[in-house]
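User: Could you take a close look at one part of this model for me? I'd like to hear about the ligand site and what sits behind it.

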Amino acid sequence: MNKPLENIDPNLVPKRKLYTGAEIPAVGLGTFGSDRFSGEEIAAAVFEAAQIGYRHFDCAAVYANEKEIGTSFQKIIASGIAREGFWVTSKLWNDAHAEEDVISTCKQTLADLQLDYLDLYLIHWPFPNHHAPGVDVDARDPHALPYIHENYMKTWRQMEKLVEMDLVKHIGTSNMSIPKLDLLLRDAKIKPSVNEMELHPHFQQAELFQYCLDHDILPVGFSPIGSPTRPERDTMPGDTVDIEDPVILKIAKRLNVHPAVVCVKWAAQRGQVPIPFSIRPAEFHSNLLGVIENPITESEMQELSKIDKGSRLIKGQVFLWEGADSWEDLWDANGEIASL
Ligand SMILES: NC(=O)c1ccc[n+]([C@@H]2O[C@H](COP(=O)([O-])OP(=O)(O)OC[C@H]3O[C@@H](n4cnc5c(N)ncnc54)[C@H](OP(=O)(O)O)[C@@H]3O)[C@@H](O)[C@H]2O)c1
């Protein structure tokens with residue numbers, strides 16, 4: 001029989017400071033179960049994770065499980081963990097960027113999550129579009145639009161209003177690029193506290209990562225393990241697998257942990273906040289423990305810094321607008337924002 005998992009004192013989990021002075025736990029639990037797990041299963045993991053010591057949960061309306069997770073938050077509070085004692089992020093989906101939709105959509109998330117406020121609300125993607133969940137990567141919304149700064153700022157103003165209304169403590173971005181952030185920083189009244197971005201050893205985004213640090217924006221790293229079980233439709237030839245990398249395997253062997261845990265350690269030690277997903281207690285327990293004990297050595301960190309393969313896994317193809325060339329248009333790699 002497996003040994004029961006020992007609870008971890010949440011006070012031992014490091015915290016990162018945001019420019020506002022608020023502190024966010026250095027690791028969170030992802031809640032995007034893709035099409036593999038039900039909302040109930042993910043909500044059960046959220047409750048269980050809080051019992052073993054997690055105090056940070058990364059949610060989103062589009063994950064279609066906020067109602068179930070809301071029930072778990074109520075149970076967490078009833079178990080004696082005060083609302084102020086845990087961090088909740090949620091995200092505004094691409095179909096709700098219109099000025100008149102932002103506040104009501106956030107209120108719906110609050111109702112679903114059964115909370116009075118969010119610690120952090122993000123614009124999930126900087127592209128407005130509608131598409132059904134789980135559609136093929138080749139599906140296109142004929143009304144999808146590229147990034148249009150003027151429109152993004154209209155959405156951002158509503159995000160700022162949510163802070164003024166005290167429904168949201170912090171606001172932030174996700175899936176942004178440096179040219180887009182340059183514009184937002186120029187025009188925002190309330191600057192983003194966080195940029196959530198894909199970050200794992202094979203996709204280190206060194207330039208954007210450093211840009212965030214230089215501008216006091218905390219990088220939150222999604223798919224920190226390289227999303228090894230993402231749906232087939234999100235895989236492309238040429239994608240690499242972090243947890244099969246020889247450097248990661250070597251470190252995992254030395255520490256006697258799963259390679260996934262090495263990815264989580266690397267993330268936390270580098271300075272981003274990883275939000276690994278798992279509904280399996282042994283996995284999410286080892287991920288939390290990973291940021292507390294047995295750090296990776298300096299020379300291993302050096303080795304890991306050299307295994308970046310520029311392997312973006314979450315490419316965002318379904319968000320392309322008509323006339324766009326390829327998913328690369330979403331990421332402004334040549335320093336220019338793609339337009340219609
Ligand atoms: N802002 C955005 O646009 C965005 C995009 C993508 C993701 N996210 C967020 O980031 C979170 C994490 O990303 P992700 O779900 O794509 O991928 P991930 O965290 O990189 O990988 C998750 C998978 O890794 C496996 N795993 C986790 N811990 C493990 C361990 N200790 N040992 C062995 N295997 C382990 C699990 O596989 P099994 O399930 O098979 O056990 C799990 O499904 C999401 O849930 C979501 O909250 C945000």
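How do the residues of the shell around the ligand divide into nonpolar, polar and charged?

Analyst: Keep in mind that this is a predicted model. The shell splits into 11 nonpolar, 13 polar and 5 charged residues. In total, 29 residues surround the ligand, and the closest of them are Gly-30, Phe-32, Ile-225, Ser-227 and Phe-277.

As for which elements bring those residues in, two helices each give at least two: α8, running 259–270, and α9, at 281–290. The largest share is α9's, with 3 residues of the shell.

So much for the lining; now to α9 itself. Buried residues in this helix are Phe-284, His-285, Asn-287, Leu-288, Leu-289 and Gly-290. What covers them includes β3 (29–30), α1 (39–52) and α8. That puts α8 in two roles here: it supplies at least two residues of the ligand shell, and it is also part of the cover over the buried residues of α9.

Stepping back to the whole chain, the protein has 10 helices and 10 strands. Its radius of gyration is 19 Å, close to the 20 Å that the globule rule gives for 340 residues, so the protein is as compact as a globular protein of that length. The C-alpha trace spans about 55 × 45 × 35 Å along its principal axes. Of the 340 residues, 45% count as buried. And if you take the contacts between residues at least 6 apart in sequence, 74% of them join residues at least 24 apart.

Definitions and conventions
Residues are numbered from 1 along each chain as its sequence is written. This is a predicted model: local features need pLDDT of at least 70, side-chain atom pairs count only at pLDDT 80 or more; totals for chains, interfaces and linings use all residues. A residue is near a molecule or strand if its C-beta atom, placed from the backbone, lies within 6 Å of it. Helices (H or I, at least four residues) and strands (E, at least two) are DSSP runs, numbered from the N terminus. Ala, Val, Leu, Ile, Met, Phe, Trp, Tyr, Cys and Pro count as nonpolar, Asp, Glu, Lys and Arg as charged, and the others, Gly among them, as polar. A residue is buried if 20 or more other C-beta atoms lie within 10 Å of its own, exposed if 12 or fewer, and partly exposed in between; C-beta atoms are placed from the backbone. Two residues are in contact if their C-beta atoms, placed from the backbone, lie within 7 Å. The radius of gyration is taken over C-alpha atoms; the globule rule is 2.2 Å times the number of residues to the power 0.38.
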